[in-house]
Amino acid sequence: MDTVQLASRLQAIRSVLEQAAQTGGYPAPRLIAVTKNHPVEEILPLRGLGVEDIGENRVQETVAKLPALRENFRIHLIGRLQSNKVKYIIEDVASIQSVDRLSLAREIDRQANRVGRVVPVLVQVSPAGEPQKGGLPPEELRDFLRQVSELDGLRVKGLMAIMPNTEDEPYLDGLFAGMRRLFEQVRAEGIAGIDMDELSMGMSHDYLLAARHGATMVRIGTALLGARTAPAGTTRQEDA
Ligand SMILES: *Cc1c(COP(=O)(O)O)cnc(C)c1O
């Protein structure tokens, strides 16, 4: 895709985000360009178009692309993450958005302490109970946040969710509204040692709804960069 086409897609997405957020009475969310499966030559032009944040979901691919990307973007790890791979990305990621189990939180804490960082993380919630996508059941969220708040190598900044891949708009609308409600409830509870500033939800097929329901970050890949399939032997939701 040439830069003119990329710029026009970006502008179209931004304008939808702004309008939808305004309809819901929220500020427009930050765009995270999901660049997994795309080579760095396709990613770098985004910087000139004002994109500052990118999302990757596999550690091996992230590490390979880091030298070319790290100076230009904040890199967020958005995919399911195996604890034993945390050490490879701990120094370079702007956030890890898929924290959904204590063993992973503890390993992030351990590695962050080793390199002297406090790593921003989002806790992934599973709004529709799809275990294969990762995420905690909402009813386990508070306990989990209290446990993670005791680890000093990471700082919870908010919540992340992946919605079901469905065209059923009323259903999705309800799930997004529920996530925003949960986010606000937890924020109001003021759990010590955590922040509730970010709500990362919305992808290519549902970012309008996400923006309308107060996402602070949307993660958009295909709608911006086009479809690219994962390398053989991997799938979209596979462990990073
Ligand atoms: C791939 C991915 C996205 C982006 O998906 P698109 O449908 O291509 O916009 C968002 N979030 C996560 C966790 C992903 O793995």
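This passage describes a helix, the nonpolar cores, the ligand surroundings and three individual residues in a predicted model.

Helix H8 covers residues 169-189. At 1.5 Å a residue, its 21 residues should span 30 Å. The C-alpha atoms at its ends are 30 Å apart, which agrees with that expectation. The buried residues of H8 are Leu-172, Leu-175, Phe-176, Met-179, Arg-180, Leu-182, Phe-183 and Val-186. Seen down the helix axis, these buried residues fall within an arc of 155°, so they line one face of H8. On the other side of the helix, Pro-170, Arg-181 and Ala-188 are exposed. The cover over the buried residues of H8 includes both strands and helices. Among the strands are E5 (119-125), E6 (154-161) and E7 (198-200). Helices H7 (141-148) and H9 (207-212) also contribute to this cover. Just after H8, Gly-190 takes a positive phi of about 55°.

In soluble globular proteins, nonpolar side chains tend to be buried together. In this model, the largest nonpolar core has 67 residues. Ile-96, Ile-108 and Leu-159 have the most contacts inside this core. H8 gives the most to the core, with 7 residues. Leaving aside neighbours within four places in sequence, Ile-96 is in contact with Leu-77, Leu-81, Ile-89 and Ile-108, among others. Its contacts also include Val-119, Pro-120, Val-121 and Leu-122. A second, separate core has 6 residues. Met-160, Ile-162, Met-203 and Met-217 are among them.

Thr-62 lies in helix H4, which runs over residues 59-69. Thr-62 is buried, with a relative accessible area of 2%. The cut-off for burial is 20%, and Thr-62 falls under it. Not counting residues up to four places away in sequence, Thr-62 touches Glu-56, Ile-75, Leu-77 and Ile-89. Leu-77 and Ile-89 are also in contact with Ile-96.

The ligand is surrounded by residues from several parts of the sequence, including Val-34, Lys-36, Asn-57, Ile-78 and Ile-162. Met-203, Ser-204, Arg-219, Ile-220, Gly-221 and Thr-222 are also around the ligand. Of these, Ile-162 and Met-203 also belong to the second core. Three polar contacts to ligand oxygen atoms are described here. A polar side-chain atom of Lys-36 lies 2.8 Å from an oxygen atom of the ligand. For Ser-204, an N or O atom of the side chain is 2.5 Å from a ligand oxygen. At Gly-221 the contact is through the backbone, where a polar atom is 2.8 Å from an oxygen atom of the ligand.

Asn-37 follows in the loop between strand E1 (30-34) and helix H2 (40-43). Most residues other than glycine have a negative phi. Asn-37, however, has a positive phi, near 70°. At 16% relative accessibility, Asn-37 counts as buried.

Gly-226 is found in the segment after helix H10 (222-225). Gly-226 counts as buried, at 16% relative accessibility. Not counting residues up to four places away in sequence, Gly-226 touches Met-1, Arg-9, His-38 and Gly-221. One of these, Gly-221, is also around the ligand. Gly-226 and Gly-135 are 91 residues apart in sequence. In space, their C-alpha atoms are 26 Å apart.

Methods: Residues numbered from 1 in each chain as written. Predicted model: local features only at pLDDT ≥ 70, side-chain atom pairs only at ≥ 80, totals over all residues. Heavy atoms only, no water. Helix = DSSP H or I, 4+ residues; strand = E, 2+ residues; numbered from the N terminus. Expected span 1.5 Å × (residues − 1). Buried < 20%, exposed > 50% of the residue type's maximum accessible area, 1.4 Å probe, protein only. Arc of directions from axis to C-beta. Contact = heavy atoms within 4.5 Å. Core = buried A, V, L, I, M, F, W, Y, C linked by side-chain atoms within 4.5 Å. Near = heavy atom within 4 Å. Polar contact = N/O pair within 3.5 Å; in protein donor to acceptor, adjacent residues only side chain to side chain.
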